[in-house]
Amino acid sequence: MNREQDSAFIPFNKPYFTGKELEYIQQAHNQWHLSGDGPFTRKCHAWLEQSIGTRKALLTHSCTAALEMAAILIGIESGDEVIMPSYTFVSTANAFVLRGGLPVFVDIRPDTLNIDESKIEAAITKKTKVIVVVHYGGIACEMDTILSIAHKHNLFVIEDAAQAIGAKYKGKPLGSIGHLSALSFHETKNIISGEGGALLINDDRFIERAEIIREKGTDRNRFLKGQVDKYTWVDIGSSYLPSDLTAAFLWAQLEEFEKIMHRRKALWDKYHESFSEAEVKGYLRRPVIPENCQSNAHLYYILLPTAKKRDSVLSLLNKKGVNVVFHYIPLHDSPAGEKYGRTSVPMQVTVEMSRRIIRLPLWIGLEKNQNRVIDEVLLEVGGRQ
Ligand SMILES: Cc1ncc(COP(=O)(O)O)c(C=O)c1O
C-alpha cells in the first residue's frame with residue numbers, strides 16, 4: 001500500500017473536481033474544436049476579463065508562459081534589470097533571464113513574506129526596467145507604494161499573481177493592477193486545469209502584440225477576425241496557447257469559482273482560529289493579512305520560532321502521515337540565481353522565513369480530517385500537552 005492509499009495519510013494537496021470537467025471536455029470533442037482559442041477559451045477569457053476587470057485576458061499553458069510573454073512584451077533586453085523578491089518560484093526569474101534580463105533580488109517583509117516595498121528604491125539603477133511583484137499566498141503586496149515608485153522611475157510593474165486569483169488589494173482584484181499580470185491554473189492552485197495559466201493585460205498598448213507573440217509570432221488572430229486575408233510571420237513568438245480541451249476543464253472550475261473560494265476560506269479560517277492561542281504563547285506565528293487586503297485562502301502556513309524546530313516538526317508530522325511541506329528555496333542562494341541574478345541588499349528576512357515556514361494541507365475535502373491536522377500540529381509545536 002502506498003501512502004496515498006493509506007486512509008490515515010493526509011496529503012498536502014488534492015485537486016478538486018466540480019464534476020463538470022469531463023462533460024465539457026466531451027462537448028469540446030463533439031464540437032470538433034480541440035486546438036486553442038475555441039469556444040471554451042472564449043468563455044474563460046470573458047469570465048477573467050469581467051471578474052478581474054482586466055482589459056484583455058489570454059489563456060496560456062502555464063503561468064510561466066504568461067511571464068515569458070510579459071518579458072517579451074515589455075522588451076527586456078540583455079542587461080536590463082528586473083527587481084523581484086528572492087522568495088519566489090523560479091519562473092518569476094527565469095522568464096526574464098531567458099530574454100537576457102538580470103534579476104535583482106530584494107528582501108521580503110516579515111509579516112506578509114512579500115517584497116519589502118521600502119527596499120525597492122535602493123535597488124533601482126539606470127538599467128532597471130520593471131518591478132515584478134509576487135502576491136505570496138494570495139495576499140497582496142503594498143501596491144500603492146510600489147506603483148508610485150514605478151511611476152517616479154518610469155518602470156513597468158508586472159504582477160506574478162500565480163497564487164492570487166480572487167484576492168484583492170483595496171477592493172481591486174489582484175492581476176488588474178500592474179501593466180501585465182500572470183495567473184496559474186496548475187493543479188496546486190485554487191482554480192485548476194492541470195497545467196494552465198493566463199496573461200492579463202491592463203494596458204491597451206500590449207494587446208495586439210500579445211496576440212501575435214502567443215500565436216508563434218504570426219497575425220493569425222487578425223486573420224481569424226477577417227482583418228487580413230492570410231496570416232504571416234510578423235514578430236518573434238512561440239506557441240503559448242492551450243488546447244480548448246484544457247479550457248473546457250478550466251471552464252468547469254470557473255463556473256464554481258465562488259463555491260471553491262468559500263470552501264477554501266472556511267478551511268483557512270479554521271486553521272487561523274485554532275492556532276491563535278499557540279501564537280500568543282509563542283509556539284508559532286500565523287500569516288498576517290494587512291487591513292487593506294482580502295486573501296483568496298490559497299495557502300495556510302505557520303512559522304516556527306527557529307529553523308531547527310521547523311525541521312523537526314516537519315519531519316515528525318510527515319512521519320505521522322500529515323503531509324506538510326516547506327516552500328521556496330530563495331533564488332539568490334541557488335546555483336542559477338547566483339549565476340544569472342544579483343542581490344541588492346542583505347536577504348536576512350528571506351533566508352530566515354524560508355527556513356522557518358511550514359505549509360499545511362489545504363484542499364476541498366480536507367474538512368473531515370482538518371481537526372487531526374490541527375491536533376497533530378499543536379502537539380508537535382508544543383501548544384498542546
Ligand atoms: C509565484 C509563482 N510564479 C510562477 C509559478 C509558475 O506557475 P506555472 O506552474 O503555472 O507555470 C508558480 C508556481 O507555483 C509560482 O508560485
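Okay, quick definition before anything else: when I say domain, the bounds come from an automatic or database domain assignment. And keep in mind that what's on the screen is a predicted model.

With that in hand, the protein chain splits into domain 1, which is 3–12 + 257–381, and domain 2, which is 21–255. Taken over C-alpha atoms, the centres of the two are 26 Å apart. As for how they meet, 38 residues of domain 1 are in contact with 46 residues of domain 2.

Let's go inside. The largest nonpolar core has 51 residues. If you want to click on the ones with the most contacts inside it, go for Leu48, Ile83, Ile131, Ile165, Leu183, Phe185 and Ile191. Which helix gives the most to this core? That's α8, residues 244–255, with six residues. And the core isn't confined to one domain: at least three of its residues come from domain 1 and at least three from domain 2.

Take Ile191 from that list. Skipping its neighbours within four places in sequence, Ile191 is in contact with Ile165, Ser184, Phe185, His186, Leu250, Gln253, Leu254, Phe257, Ile260 and Met261. Apart from this core lies another one, of 35 residues, and among them are Ala70, Phe156, Leu199 and Phe206.

Now the ligand, which I guess is what you came for. There are 15 residues around it, and Thr64, Asp160, Ser184, Lys189 and Tyr328 come nearest. On the polar side, I have three pairs to show you. An oxygen atom of the ligand is 2.7 Å from a side-chain N or O atom of Ser184. For the side chain of Lys189, an N or O atom is 2.8 Å from a ligand oxygen. With Cys63 the partner is a polar backbone atom, 2.9 Å from an oxygen of the ligand. How much of the ligand does the protein bury? Taken alone the ligand exposes 390 Å², and the protein buries 91% of that.

Next up, Thr60, in strand β1. Thr60 has 1% relative accessibility, so it counts as buried. A polar atom of its side chain lies 3.3 Å from the backbone nitrogen of Ala198. Leaving out residues up to four places away in sequence, Thr60 touches Ala65, Ala66, Met69, Gly196, Gly197, Ala198, Leu199, Tyr240 and Pro242.

Strand β1 also turns up around helix α6, residues 207–214. Is that helix mostly covered or mostly open? Mostly covered: six of its eight residues are buried. Those are Ile207, Ala210, Glu211, Ile212, Ile213 and Arg214, so do notice Glu211 and Arg214 in there. The elements they pack against are α2 (39–52), β1 (56–60), α3 (63–73), β9 (197–201) and α7 (220–224). Then, just after α6, Lys216 takes a positive phi of about 60°.

Last one: Asn318, in helix α11, residues 307–319. Why do I call Asn318 buried? Its relative accessibility is 18%, and the cut-off for buried is under 20%. Its side chain reaches the backbone oxygen of Leu314 at 3.0 Å. Now look across to Phe9: the two residues are 309 apart along the chain, but their C-alpha atoms are separated by 9.0 Å.

That's my tour. Questions?

How values were computed:
Residues are numbered from 1 along each chain as its sequence is written. This is a predicted model: local features need pLDDT of at least 70, side-chain atom pairs count only at pLDDT 80 or more; totals for chains, interfaces and linings use all residues. Side-chain values use heavy atoms; hydrogens and water are left out. A nonpolar core is a set of buried Ala, Val, Leu, Ile, Met, Phe, Trp, Tyr and Cys residues joined through side-chain atoms within 4.5 Å. Buried means under 20% relative accessible area, exposed over 50%, partly exposed in between (1.4 Å probe, protein chains only). Helices (H or I, at least four residues) and strands (E, at least two) are DSSP runs, numbered from the N terminus. Contact means heavy atoms within 4.5 Å. A residue is near a molecule or strand if one of its heavy atoms lies within 4 Å of it. A polar contact is a pair of N or O atoms within 3.5 Å; within protein, one must be able to donate a hydrogen and the other to accept it, and residues adjacent in sequence count only if both atoms are side-chain atoms. Accessible areas come from the Shrake-Rupley method with a 1.4 Å probe; for residues, only the protein chains shown count as cover.
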